[in-house]
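Okay, let's get going. I'd like to walk you through one structure today, so have a look at the screen.

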Amino acid sequence: MKKIYVLIISFSFLLGACNDLLEKVPSKQSDIVPTHVDYLIGLLSSDDMYVSASDDKVLLSDDFNALRIFQEQNDKTFSRMGMQFPLTWSFKNLTAVKYSRSCWESEYSIIYRANTILDYLSDVSGTEQEKLRLKADAHFIRAFSHFNLVNTFSLPYKADKSNGEDLGVPIQTFPSIANFPVRSSLEDTYQFIIDELKISEELLKDQELEIAPIGNICQWRASKPAVYALLSKVYFTIGDYSNAKDYATKAIVNSGAASLIDFNTEVSYADESVNKEVDVMIESGVIVKDTVKMPMTSNNTFEPFDWKENFYYKTDGFSSKPWLVPTDDLIQLYGETEDQRSYDLRWKYLFVQNFSYTESFFRGFLKGNTYNAPIKICAYKGLHHIGLNLADMYLVKAECEAREGNLGEAQDIINQFRLKRFDASAPSDIRNLTFVSKDDAIKKILDERRREMPFYSRWYDLRRIAANGEFSYIPEKLSRDFFEFDNNNVFTDRPKAYEFYPKTDYLKFAFPIPYTDIELAEKFGVILEQNKY
């Protein structure tokens with residue numbers, strides 16, 4: 001008889017309207033023979049199903065400002081988990097380091113659970129509708145995790161498919177670590193992802209299954225808009241802009257209760273009890289009092305599902321969330337002056353000025369309140385949403401329209417979108433964008449994507465644009481001032497400048513597979529080919 005090994009499951013993560021799942025669930029690791037669909041639903045309900053663990057891709061793009069003062073104040077700031085390697089695009093050195101900060105293990109753990117659900121569906125009791133829903137969930141989740149993996153550990157897939165034989169990731173369809181496969185090709189990996197999503201799309205097409213805590217979308221399970229949104233992102237990533245536009249449109253039309261948040265009326269600062277009064281050094285030796293205003297997402301009453309644009313909830317696992325300091329280049333995208341930036345309500349509410357003076361910022365890593373910077377805070381209690389949402393679909397559709405030469409349509413989409421993000425008092429020439437050519441439109445939409453999804457979308461866009469040789473849309477080089485380092489130490493007395501050229505450093509768009517996982521695969525007789533640099 002088949003048995004299932006269930007790890008600790010926490011249902012406090014879920015909202016009340018989804019509570020009719022399990023009356024009793026395993027509370028510790030146990031050897032269980034599942035007999036009902038509720039046990040399989042339980043596999044979906046652990047918090048770690050919704051975390052892309054240690055997503056250090058935020059360190060790679062030109063949105064992230066790696067301030068050297070962090071390392072100077074505490075020599076373990078970036079070296080304590082090997083963060084100095086992705087921070088400086090030093091992937092060649094990382095291939096032989098026992099580097100553990102990776103989404104490889106977490107995503108394959110999620111895939112294992114999806115495979116377990118599919119493996120047991122025919123053996124458990126439950127209604128046909130419950131089983132079909134679970135099947136849709138499993139195929140969707142399996143696709144999403146393989147998509148995250150291939151966009152981390154493989155080179156980007158070119159729109160002309162000329163590099164389809166390049167290394168993708170292992171396609172795992174069995175609930176067994178002993179039968180771990182070798183790496184598939186890029187072409188096969190993406191085809192698998194699309195096929196999985198088409199299965200989920202078909203299963204959800206004619207069923208009223210979106211019964212959820214908010215509106216008609218359950219943000220921790222597959223839904224029609226979530227499937228459409230992921231299909232749109234997949235096609236968008238590989239440069240199939242026709243299909244990307246079609247599925248973005250489907251996601252928007254079928255968004256149900258999800259809707260764009262109007263930052264004028266639905267976003268605010270946190271409760272006064274959450275805000276912090278701090279001493280701020282404005283000049284050498286001059287200290288003034290200031291109140292650090294936190295976004296409403298910092299309220300104790302705020303729940304992750306309260307962000308009504310979400311189709312599917314997923315967060316990053318980047319442990320250094322308070323360090324998301326924007327570069328000057330990113331800051332300038334919100335406006336050349338602070339007065340201009342204040343019109344963009346994303347800047348006003350979600351970039352917290354003087355947060356570096358608060359006690360929670362230091363968390364024992366810095367030695368004194370000596371640095372002042374606008375720190376990016378846009379999350380539920382510090383976790384940043386990187387799942388599927390309605391806002392992204394509007395931006396995808398706008399770029400696809402621009403690429404098809406429909407500049408008027410693209411401009412209308414973007415400006416209607418910006419109405420929800422800019423202060424109602426903003427002058428029209430600040431709030432509205434004007435497109436004068438296809439290239440101008442694409443460049444401005446890419447900038448809008450950075451403003452809307454800073455830190456988390458930029459590396460993906462750099463990969464996508466570079467893969468198709470569209471280098472005029474992105475910087476010629478990315479640069480970062482840091483220090484010399486080895487596998488274990490950062491030498492703060494030896495400053496060094498690092499550079500990344502998207503055109504000539506193209507191989508660095510693929511993160512190396514963790515050395516520890518290559519060793520583990522070898523124990524099962526599987527050779528996982530490492531990326532070349």
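So, first thing: in which loop is Y357 found? Y357 sits between β10, which is residues 351-352, and α13, residues 359-362. And before I go any further, keep in mind that this is a predicted model. Now, buried or exposed, what would you say for Y357? Y357 is buried, with a relative accessible area of 5%. As for what it comes up against in space, take V280: the C-alpha atoms of Y357 and V280 are 6.9 Å apart, while the two residues are 77 positions apart in sequence.

Let me zoom out for a second. The protein has 533 residues, and 58% of them count as buried. On the secondary structure side, there are 19 helices and 14 strands. And if you take the contacts with a sequence separation of 6 or more, 72% of them are between residues 24 or more positions apart.

Okay, cores. You all know the rule of thumb: in soluble globular proteins, nonpolar side chains tend to be buried together. Here the largest nonpolar core has 127 residues, and the ones with the most contacts inside it are F140, Y190, F311 and L388. Which helix gives the most to this core? That would be α6, residues 128-153, with 11 residues. And our friend Y357 belongs to another core, apart from that one, made of 14 residues; M294, V325 and I375 are also among them.

Let me stay with Y190 for a moment, since it was on that list of well-connected residues. Leaving out residues up to four places away in sequence, Y190 touches F147, V150, N151, Y157, V234, T237 and I238.

Now, α6 has a partner I want to show you, and that's α5, residues 103-120. How do α5 and α6 pack? The angle is about 160 degrees and the axes are 9 Å apart. Anything over 145 degrees counts as roughly antiparallel, so that's what α5 and α6 are to each other. The crossing is left-handed. On the α5 side, the contact is made by C103, W104, E107, Y108, I110, I111, A114, N115, I117 and L118. From α6 you get L134, K135, A138, H139, I141, R142, S145, H146, N148, L149, T152 and F153. Sort the residues of that contact by class and you have 13 nonpolar, six polar and three charged.

In the loop between those two helices you'll find G126. G126 is partly exposed, at 36% relative accessible area. What does G126 touch, once you skip residues up to four places away in sequence? The answer is H36, V37 and K131. There's also T35: from G126 it is 91 residues away in sequence, but 9.0 Å away C-alpha to C-alpha.

Second helix pair: α14, residues 390-403, and α15, residues 407-419. Here the angle is about 160 degrees, with the axes 7 Å apart. So α14 and α15 are roughly antiparallel to each other, and their crossing is left-handed. From α14, the contact uses A391, Y394, L395, K397, A398, E401 and A402. From α15 it uses L407, E409, A410, I413, I414 and F417. What about the classes? For α14 with α15 it's 10 nonpolar, no polar and three charged.

Last topic, backbone torsions, which I know some of you care about. W89 isn't a glycine, and still has a positive phi of about 55 degrees. W89 is in the loop between α3, residues 84-87, and α4, residues 91-94. It's buried, with a relative accessible area of 1%.

F455 is another one: positive phi, about 75 degrees, and not a glycine. Where is F455 found? In the loop between α17, residues 438-452, and α18, residues 458-467. F455 is buried too, with a relative accessible area of 1%.

And α18 itself is worth a look. Nine of its 10 residues are buried, so α18 is largely enclosed by the rest of the structure. The buried ones include charged residues such as R458, D461, R463 and R464, along with W459, L462, I465, A466 and A467. After α18 comes G469, with a positive phi near 70 degrees.

That's my tour, thanks. Happy to take questions.

Notes
Residues numbered from 1 in each chain as written. Predicted model: local features only at pLDDT ≥ 70, side-chain atom pairs only at ≥ 80, totals over all residues. Heavy atoms only, no water. Axes fitted to C-alpha atoms, helices over the stretch in contact; angles between N-to-C directions. Helix = DSSP H or I, 4+ residues; strand = E, 2+ residues; numbered from the N terminus. Parallel < 35°, antiparallel > 145°, perpendicular 65-115°, else oblique. Left-handed = near helix turned anticlockwise from the far one by under 90°. Contact = heavy atoms within 4.5 Å. Core = buried A, V, L, I, M, F, W, Y, C linked by side-chain atoms within 4.5 Å. Buried < 20%, exposed > 50% of the residue type's maximum accessible area, 1.4 Å probe, protein only.
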